There are 2 protein chains.
Amino acid sequence: MIDPVVLKGFRDSLPREEKAKKKIERKLEDVFTLYGFQPIDTPVLEYENVLLGKGGGETDKQIFHFVDNGGRKVAMRFDLTVPFARFLALHYPELPMPFKRYHIAKAFRGENPQKGRYREFIQCDFDIVGVDSAESDVEILSLMNASFESLGISDVVFHVAHRGLFNDFLEKSGCKEKSVEILRLVDKLRKIGKEKVSEGLLEIVGDENTVENIISYITASYPSMDETIDKIVSLIGEETESSQRMRRISSLLENLGIKEKFVFDPSITRGLDYYTGIVYETFLSSLEGIGSVCSGGRYNNLASLYTKENLPGVGASIGLDRLMAALEELGSPLVREIPTSRVVIYFRKGEGEKALECANALRKNGTSTDVYLLEGKKMKALFDYAGKNGMEKLVTFQDDGTIEVKDLQSRESVKVNSLEEVLSICQ
Amino acid sequence: MIDPVVLKGFRDSLPREEKAKKKIERKLEDVFTLYGFQPIDTPVLEYENVLLGKGGGETDKQIFHFVDNGGRKVAMRFDLTVPFARFLALHYPELPMPFKRYHIAKAFRGENPQKGRYREFIQCDFDIVGVDSAESDVEILSLMNASFESLGISDVVFHVAHRGLFNDFLEKSGCKEKSVEILRLVDKLRKIGKEKVSEGLLEIVGDENTVENIISYITASYPSMDETIDKIVSLIGEETESSQRMRRISSLLENLGIKEKFVFDPSITRGLDYYTGIVYETFLSSLEGIGSVCSGGRYNNLASLYTKENLPGVGASIGLDRLMAALEELGSPLVREIPTSRVVIYFRKGEGEKALECANALRKNGTSTDVYLLEGKKMKALFDYAGKNGMEKLVTFQDDGTIEVKDLQSRESVKVNSLEEVLSICQ
């Protein structure tokens, strides 16, 4: 006998989770469609060098990669961004520009599984490619807001910063050469705290004045986005292209009436990613510990590894596994058991015809209906089954030719004479 | 620069196909839900021995398999049936029984790509496990019929046979020991024709009389299912449990008023698969060449490799790629370009606020709306964009403060003074 186990870091999805996942995905897809975003898909398996963006050398340990039966070096996608860049380069001439896409799919990483982190996980990415403007930045921010609204998550705060603005500041502060190390460190602020970051900064930049200055920058978050911009501009000493972009974004958000959901938080850097403009992370006020549930930013030349076409873009990514864990903790109705069938039909020997006929009439009427297929089983087994599946009504056939419809909550029942009556009760 | 190519046998899914695929999947999911079936998912990657059902030995060349960074022998799933068997064995105590599940997901095979066959493909499986009865057989057949109805495919014929009945017949004919070879050969009837099958049968059974008998059996298909059963029973010489099951299925289908969609076609064997009861394939009358678009049958002990629990079941599988190719050939509206946005908003410098505000008002109203984000671009580029995306209406802001709504088909336009009027025109 073979042990029916799954691999470490991988999971089955049972009906309760899978129904919730499908419901969440549909809601997100509906919002994306409302915003004019179109779905795409790419293969799970690609050439290793396409996904890793280089010729040979050491392969990232976190990537599932192998040599296929045809001798090709292949790898399983580890995110949806790299395949999208490759997709853009390949299909550029056929795509409407600017191109707005979303992609909800599995990605794979060999990292050590932790709470909320799996080796197989679902990403939901959405991007606008082919334009660099405040309006497109705000379309993404507005879509992020609409996405969480559609899921009924109201206590969400979007933390926005601007990578270009941080670069402006670092240049003015004379630390441009060390920006990589500084970014990497600042990105950890939320995890390790201000003190540890200050210590680390001192090691990097060597003088306390500059450290103080950088700390002023990354902690300059006022309730009003414009106040924060003013403070940052004063730290830089002048308006820059990036500060003006931020002012414009702030004005557009205000005009849309959604500004109160957004905080300018200069500590957001998105680590060493490829971002060049706005960057953002999304936190749930009541569940800060869970980390960002939606992150992203603006990048230039997304597909530069594969094409000479200049393709600036802005996008965001929702980690569906983490989001579902958050919804679970928040007690959201979205992840509660959703009954599949409202009605269950029980039948005894010789009543098969009646049972299937009744079921199909209910289904034609739009009522999700299950037939308890173990004919004539003890009622206890049936009630267990109906309970496990969260059903509302039980239909049985009586010896006197009537049909009984029992409400499984109130335990009250009515007897009727025709299928039509059953349909109207179960509507 | 890296060549942005995909692997042989793999494909990107562009918005047109992906929208069609999502639409088809939603329709199928809605039907499955109506019938009380619940979704599950399993990992793409599993232990190789779990998927292949054996310890070591030679690995099937068609399977994508490798050793992961932790030294485990792993493989990508090549169908959804084996993972389902493993899933059942692992989660049996938590599942309501009978368990009705569906699973729409990708599977992977290294076979040589042909027209309509890919190395990455989408399966849609649905099964009822935990019961062996005519009613459960018919629930699956009825669901198959409802699935195709929901997709608007009316010229579909379900070819049903019974593996147990064929075994009864082979036993009576004295060919029981050779049933594996005979099944394998008969399965090819549609491809190689009656003559080749006869020749092959003669080699296997050695006498012409028996060959003639087998040919009578596999070609005994009358318009009426019951007539075919009668003929088969006369060939066997007596009623058997299997013939009675077929009679009961026929009667239940008749009672549901869907019998005319089903043909008893004794040549259907489903090759060497694990089936023990009814088996079926589904053909489109106007596209027979495309092969079966939905196949399956009844099996016993699906999970016997992993558990001692006896789990009989009945199920079917739709190959979504083949189905989509069929819909394409049939010119189905399902695979035609579905416009994502009905409305596109054009704006010039300084009109960004108005454009985004108008877009979001339309979206709040349920109208899918796109903003053409390249502000002030030439109108030609805009019309190209609207055309590529199949949009219906164009909104522009006029110098006199009015808003123009242009119908992109009729080229007629109206000028209005308020956002409310735009909403009502674009509803």
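A residue is called buried here if 20 or more other C-beta atoms lie within 10 Å of its own. That cut-off is used throughout this tour of a predicted model.

**Stop 1: strand E11 of chain B.** Select residues 313–319 of chain B. This strand, E11, is mostly covered, with six of its seven residues buried. Now add residues 120–129 of chain B, which form strand E6; E6 and E11(B) run antiparallel and are joined by seven bridges. To find the register, pick Phe126(B), whose bridge partner in E11(B) is Ala316(B). Next add residues 294–299 of chain B, strand E10, which pairs with E11(B) in the antiparallel sense as well, over six bridges. Here Tyr299(B) can be picked, with Gly313(B) of E11(B) opposite.

**Stop 2: Lys8 of chain B.** Move to Lys8(B), in the segment before helix H1 (15–34) of chain B. Is this residue buried or partly exposed? Lys8(B) counts as partly exposed because it has 13 C-beta neighbours inside 10 Å. Display Arg119(B) too: its C-alpha atom is 7.9 Å from that of Lys8(B), although 111 residues separate the two along the chain.

**Stop 3: helix H1 of chain A.** Switch to chain A and select residues 15–34. Helix H1 has 20 residues and spans 28 Å between its first and last C-alpha atoms, close to the 28 Å expected at 1.5 Å a residue. Colour the buried positions, among them Lys19(A), Lys21(A), Ile24(A), Leu28(A), Val31(A) and Phe32(A). What do the buried residues of H1(A) pack against? Within chain A, the partners are strand E5 (99–108), strand E6 (120–129), helix H4 (134–150) and helix H11 (320–329). From chain B come strand E1 (38–39) and helix H12 (352–364). Just past the end of H1(A), select Gly36(A), which has a positive phi of about 80°.

**Stop 4: the domains of chain A.** Colour chain A by its domain assignment: domain 1 covers 1–8 + 20–132 + 300–325, domain 2 covers 134–294, and domain 3 covers 343–426. The C-alpha centres of domain 1 and domain 2 of chain A are 25 Å apart. Between these two domains, 19 residues of domain 1 of chain A are in contact with 15 residues of domain 2 of chain A. On the domain 1 side, H1, E6, strand E11 (313–319) and H11 of chain A each supply at least two residues. E11(A) gives the most to that side, with six residues. By class, the domain 1 side consists of 13 nonpolar, four polar and two charged residues.

**Stop 5: the contact between the chains.** Show both chains. How many residues does each chain bring to the contact? Chain A brings 84 residues and chain B brings 84 residues. The side of chain A that touches chain B divides into 39 nonpolar, 22 polar and 23 charged residues.

**Stop 6: the axis.** Superpose chain A on chain B: the operation is a rotation of 180° with 0.0 Å of shift along its axis, at an RMSD of 0.1 Å. The two copies are therefore related as by a two-fold rotation axis. Both copies use the same surface, as 100% of the contact residues of chain A recur in chain B. Which residue of chain A comes closest to the rotation axis? Select Phe66(A), whose C-alpha lies 3.1 Å from the axis.

How values were computed: Residues numbered from 1 in each chain as written. Chains lettered and ligands numbered in written order. Predicted model: local features only at pLDDT ≥ 70, side-chain atom pairs only at ≥ 80, totals over all residues. Contact = placed C-beta atoms within 7 Å. Nonpolar A, V, L, I, M, F, W, Y, C, P; charged D, E, K, R; others polar. Least-squares fit on C-alpha atoms with pLDDT ≥ 70 in both. Helix = DSSP H or I, 4+ residues; strand = E, 2+ residues; numbered from the N terminus. Expected span 1.5 Å × (residues − 1). Buried ≥ 20, exposed ≤ 12 C-beta atoms within 10 Å, placed from the backbone. Domains from an automatic or database assignment. Pairing = 2+ DSSP bridges.
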